[in-house]
Amino acid sequence: MPHATHCSPSPLKRALAVITLSAATLALNSAHADTGKLLLTGGVSTVEGAAGGGLSPWAVIGGPGAAGETGVAAYVSRAVTRDYGLTAAGAAIGLNDRVELSFGHQDFNTRATGTALGLPGLHLKQDVLGAKWRLAGDAVVDSDTWMPQIAVGVQHKRLRSSGLDGTLSALGADRSGTDVYLSATKLFLAQGVLVNGTLRATRANQGGLLGHGATLGGTDDGYELMPELSVAWLLRKDLAVGFEYRGMPNKLQRAGAAAGLGNGLRADDWMDLFVAWTPSKNLSLTAAWVNLGRIVPATTGGRQQTGLYTSVQFAF
Amino acid sequence: MKHLITATSLSLLVMASGPAFAQTPSAASAYPVAPAAGLFDALGQKAGIRSLMDDFALRLKADARIGNQFKETNLAQLASQLTDQVCQLAGGPCVYKGPDMKEAHANMDVTRAHFNALVEVLQQSMDARSVPFARQNQLLALLAPMHRDVVNAR
């Protein structure tokens with residue numbers, strides 16, 4: 001990494017405030033999470049703050065709290081691909097294994113792309129406020145039925161003002177937007193295999209880091225339904241390996257072509273291969289090889305953004 | 001690609017769930033899921049299950065989270081009943097004659113967290129007796145649906 005990562009203090013402060021607030025809630029709640037969920041059954045923290053895999057939210061409620069309990073999961077994650085760096089941090093509160101509220105902050109280091117745009121050192125910073133509601137089912141213990149745990153979620157994403165504002169505005173991309181998703185998670189307990197499918201209605205470009213929608217060269221601004229899939233094999237009760245796939249809209253391509261960049265703003269689907277280890281109920285470590293496809297290929301030689309993702313999650 | 005993934009995920013779900021619900025119900029069990037092939041033998045047949053349940057009953061009583069619920073329990077009787085139940089569920093030649101799960105827990109307040117704690121204690125017992133992880137999950141899959149009758153408190 002040629003550049004040091006700058007995680008601005010204000011989102012961290014905010015995350016801390018969330019955690020402090022949650023700790024207060026925990027202290028007030030007599031049935032706190034000293035018993036809780038079974039290991040790994042709350043998933044880990046996604047890059048957007050919701051509980052799930054690394055890239056895709058699951059129907060599980062974050063934190064170690066079982067029904068009747070409150071739990072909190074805080075995380076710091078880092079992805080380094082061939083041309084970019086992403087630092088993500090945030091927290092999720094799980095209430096009664098029914099509702100999850102999450103906050104995630106992302107700091108995307110544009111590196112050579114920023115320099116090529118005349119904006120050296122450009123970092124794109126995004127905040128994601130999320131809520132998830134478990135509608136039905138239990139992912140873990142209904143092992144005699146095919147019924148999965150089902151949840152609906154919403155993520156409001158807001159890109160902070162940066163040197164890229166003018167470019168996004170010229171492309172006709174909004175700096176904020178809202179995703180809505182439906183997730184189904186099932187642990188096939190006898191087989192030790194967890195499967196999650198998520199359908200996300202979104203207009204986000206690169207998860208919102210490049211805004212939402214585009215209007216240059218013809219309006220491509222509407223919601224699209226994107227499939228996401230996670231499969232995890234439990235190797236031990238504290239260890240899982242698996243893969244994820246997340247479909248991404250490609251709304252900037254036409255605007256990029258209209259701006260004379262050809263396919264220079266094309267987006268591809270995301271995927272990863274991961275290993276997650278939970279040495280205790282309070283700690284999860286995830287490592288993954290990710291492929292985020294092309295991200296602004298105009299300035300990165302059309303390279304696939306492959307790289308390493310690592311994440312640490314504290315839960316209490 | 002996306003259609004392929006959607007179709008694959010749907011088929012996976014159907015395929016993976018197939019074995020779980022295409023079983024012939026066993027009349028004696030309230031939780032008619034067929035045991036994985038060879039599970040009864042892998043658990044060491046009835047004698048192995050009895051040793052496992054003796055260990056499990058001791059650990060339950062000693063557990064800081066749920067031990068209180070077993071303060072007055074006759075551990076030998078509990079282990080014997082659990083042995084019959086697990087032996088039968090695992091495909092062994094036993095018949096569980098004890099109370100049904102709802103009745104057995106009617107005098108206790110069992111939360112989902114208690115239920116999970118019990119699962120963890122059983123995992124400890126199975127670890128202590130070197131039951132392979134895949135076999136542990138096959139047994140847990142037979143027991144987990146009991147949460148519907150066992151969990152009776154928030």
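# Notebook: a predicted two-chain model

I began with contact range in chain B of this predicted model: among its contacts with a separation of 6 or more, 73% join residues 24 or more positions apart.

**Chain B, overall.** I looked up the secondary structure next and found eight helices and zero strands. Reading from the N terminus, I noted the order α-α-α-α-α-α-α-α. Of the 154 residues in chain B, I have 32% down as buried.

**How confident is the predictor?** For the complex I copied out an ipTM of 0.84 and a pTM of 0.87. Chain A averages a pLDDT of 91, with 89% of its residues scoring at least 70. I marked residues 1-9 of chain A, where the pLDDT is below 50; beyond near neighbours in sequence, this stretch has 15 contacts in the model. I marked residues 23-33 of chain A too, again with pLDDT below 50, and there the model has 13 contacts beyond near neighbours in sequence. Chain B has a mean pLDDT of 85, and 79% of its residues reach 70 or more. Which elements of chain B have the lowest and the highest mean pLDDT? Helix 1 (residues 2-21) has the lowest, at 52, and helix 3 the highest, at 98. Over residues 15-29 of chain B the pLDDT stays under 50, and I counted 22 contacts beyond four places in sequence for them in the model. A reminder to myself: where pLDDT is low, the predicted coordinates should not be read in detail.

**Helix 3 of chain B.** I turned to this helix, residues 45-62, for a proper look. Its 18 residues reach 26 Å from first C-alpha to last, close to the 26 Å expected at 1.5 Å a residue. Which of its residues are buried? My list reads B:Ile49, B:Leu52, B:Met53, B:Phe56, B:Ala57 and B:Leu60. They cover an arc of only 140° around the axis, so they sit on the same side of helix 3 of chain B. The general rule is a handy companion here: an α-helix has 3.6 residues a turn, so residues three or four places apart point the same way. On the face turned away from the buried side I found the exposed residues B:Ala47 and B:Ala62. What does the buried side of helix 3 of chain B pack against? I traced its buried residues to helix 4 (75-89) and helix 6 of chain B.

**Helix 4 of chain B.** I followed that packing to helix 4, which has 15 residues and reaches 21 Å between its first and last C-alpha, close to the 21 Å expected at 1.5 Å a residue. I listed its buried residues as B:Ala79, B:Leu82, B:Thr83, B:Gln85, B:Val86, B:Cys87, B:Gln88 and B:Leu89. They pack against helix 3 and helix 7 (133-143) of chain B. Just after helix 4, B:Gly91 takes a positive phi of about 95°.

**The largest nonpolar core.** This core has 104 residues, and I noted those that touch the most other members: A:Ala73, A:Leu252, B:Leu43, B:Met53, B:Phe56, B:Ala90 and B:Ala144. Helix 6 (residues 112-128) of chain B contributes its largest share, seven residues. I then picked A:Leu252 and, leaving aside neighbours within four places in sequence, found it in contact with A:Leu171, A:Ala173, A:Asn205, A:Leu210, A:Ala214, A:Leu265 and A:Ala267.

**Strand 5 of chain A.** I wanted a strand as well, and chose residues 99-109, where nine of the 11 residues are buried. Strand 5 of chain A pairs in the antiparallel sense with strand 4 (residues 85-95) over 11 bridges. I spotted A:Val99 as the bridge partner of A:Leu95. The hairpin of strands 4 and 5 of chain A has three residues between the strands, and A:Asn96 takes a positive phi near 60° there. Strand 5 of chain A also pairs with strand 6 (residues 123-136), antiparallel over 11 bridges, and I see A:Leu101 opposite A:Ala131 in strand 6.

**Positive phi in chain A loops.** A:Leu40 is not a glycine, yet has a positive phi of about 70°. I placed A:Leu40 in the loop between helix 1 (9-28) and strand 1 (44-45) of chain A. Buried or exposed? A:Leu40 counts as buried because it has 23 C-beta neighbours inside 10 Å. A:Val296, not a glycine either, has a positive phi of about 50°. I found A:Val296 in the loop between strand 13 (283-291) and strand 14 (306-315) of chain A. With 25 C-beta neighbours inside 10 Å, A:Val296 counts as buried.

Notes:
Residues numbered from 1 in each chain as written. Chains lettered and ligands numbered in written order. Predicted model: local features only at pLDDT ≥ 70, side-chain atom pairs only at ≥ 80, totals over all residues. Helix = DSSP H or I, 4+ residues; strand = E, 2+ residues; numbered from the N terminus. Buried ≥ 20, exposed ≤ 12 C-beta atoms within 10 Å, placed from the backbone. Contact = placed C-beta atoms within 7 Å. Core = buried A, V, L, I, M, F, W, Y, C linked by C-beta atoms within 7 Å. Expected span 1.5 Å × (residues − 1). Arc of directions from axis to C-beta. pLDDT = per-residue confidence, 0-100. Pairing = 2+ DSSP bridges.
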